[in-house]
Amino acid sequence: MAYSPDQNPPLVFNRELLKKHRNRAAQNFDQFSFLKQRAAQSMVDRLEDISTSFNRVLDLGCHSGTLEKEIAKSQTIKNRVKDTFHCDISYKFTAQIVGMAIAVDEERLPFKSSSFDAVFSCLSLHWVNDLPGTLIQIKNILKPNGLFIGQLLGGRTLHELRTCFIRAETEIRGGASMRVSPFADVQDLSNLLQRAGFSNPVADTETINVRYSHPLKLLQDLRGMGETSALFINKENRPPNLTRTILFRALEIYGEQYATEDGKYPATFEIITASGWTTSPNRFLNKE
Amino acid sequence: MTNSKDSKSGIDPRLLEVLICPASRGPLSFDKENNELVSKKAGLAYPIRDGVPIMLIDEARELEEN
């Protein structure tokens, strides 16, 4: 029954490429962290409603430590969290953390069973290939009565950009390739939590509309956040290169299709927040 | 266990309490001399940079067999 990461789920994302994007984003992240901040604030709001104290917290996908900074601003929560273990696949992010940090691949968590009272993950798990497997691992490293809250980008994220790329590429090349990552939806997520064995799984969604002066600014932001596409590409499935012609046609379509009267370009981000608890003592506790 | 005054080498003992090898899920031992976390079971040594253990399999050093 114990989860083995060697069951080879299909690879959608190239984790090596993700690491590169994150390392690059680490240089200047605070200029591009508005989405992460927004999600972290929403995480803090939720924690304020829970009166539990947490001795050991795992921050999975910590970026520059945004979540901890938000927690530190809340009088009601900061005293309830004792030790935070910060993790990111990018060493350059972990190097910015004041406190304990570990470079970790979310697909292979290097922690003993029943190590943490809570695992919080703020906008990182949408890059995981095997989300069910990662959720099972998270449940395993939580103590009984432990809390997991995870925030992921959901399926409506960047739907404008996705549509424009597909239309531009179809016009010019007669067929389209995947240029924007696939994302999970709310229903998937609460099902996955349930299947991973969490009790009281809840998932909800929040839509954030950002208005850009130009769609290129959106692309710049995605780069700055370390969120540019990291799809897994090999020789067999390599899509044709994204040419300038296609890119500029896509940006043109963005304007035609979505620009508002005051000349702004809206972009949608959907943040799905899912949470669940571990209740009964973990049956695999002594198998380590 | 470690000398936490030295930030360049060493590791927070609280990390040693929770960490295991991500490849074998076996225990780790702290090699003070090389500043690495060693997984005998997987034959891998994970580097520690400025107090941050790099628990990534592709960045671990393969141990020579003896």
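Accessible areas here come from the Shrake-Rupley method with a 1.4 Å probe. By that reckoning, chain B exposes about 3,900 Å², with carbon and sulfur atoms supplying 46% of it. Welcome to this predicted model; below is a friendly tour of chain A, one of its helices, one of its strand residues, and then chain B.

**Chain A as a whole**

- Chain A is built from 10 helices and 7 strands. Its radius of gyration is 20 Å, close to the 19 Å that the globule rule gives for 288 residues, so chain A is as compact as a globular protein of that length.
- Taken along the principal axes, the box filled by the C-alpha atoms of chain A is roughly 60 × 45 × 35 Å.
- Of the 288 residues in chain A, 54% count as buried.
- If you look at contacts in chain A between residues at least 6 apart in sequence, 84% of them join residues at least 24 apart.

**Surface and charge of chain A**

- The exposed area of chain A is about 13,100 Å², and carbon and sulfur atoms supply 49% of it.
- Chain A carries 35 positive and 32 negative side chains, and the centres of these two sets lie 4 Å apart.

**Helix α9 of chain A**

- Helix α9 spans residues 215-225 of chain A, and its buried residues are P215(A), L218(A), D221(A), L222(A), G224(A) and M225(A). These residues cover an arc of only 165° around the axis, which puts them on the same side of α9(A).
- A helix has 3.6 residues a turn if it is an α-helix, so residues three or four places apart point the same way.
- The cover over the buried residues of α9(A) includes the helices α1 (15-26), α2 (34-48), α7 (159-173) and α10 (244-258) of chain A. Also included are the strands β6 (199-212) and β7 (265-277) of chain A.
- Just after α9(A) comes G226(A), which has a positive phi near 75°.

**T273(A) in strand β7**

- T273(A) sits in strand β7 of chain A.
- Buried means under 20% relative accessible area, and T273(A), at 3% relative accessibility, therefore counts as buried.
- Leaving aside residues up to four places away in sequence, T273(A) touches S42(A), R46(A), I149(A), G150(A), Q151(A), V202(A), A203(A) and D204(A).

**Chain B**

- Chain B has 1 helix and 5 strands, and along the sequence they follow the pattern α-β-β-β-β-β.
- Of its 66 residues, 48% count as buried in chain B.
- Among contacts in chain B with a separation of 6 or more, 28% come from residues 24 or more positions apart.

Technical notes
Residues numbered from 1 in each chain as written. Chains lettered and ligands numbered in written order. Predicted model: local features only at pLDDT ≥ 70, side-chain atom pairs only at ≥ 80, totals over all residues. Heavy atoms only, no water. Helix = DSSP H or I, 4+ residues; strand = E, 2+ residues; numbered from the N terminus. Rg over C-alpha atoms; globule rule 2.2 N^0.38 Å. Buried < 20%, exposed > 50% of the residue type's maximum accessible area, 1.4 Å probe, protein only. Contact = heavy atoms within 4.5 Å. Lys, Arg positive; Asp, Glu negative; His and termini not counted. Charge placed at Lys NZ, Arg CZ, Asp CG, Glu CD. Arc of directions from axis to C-beta.
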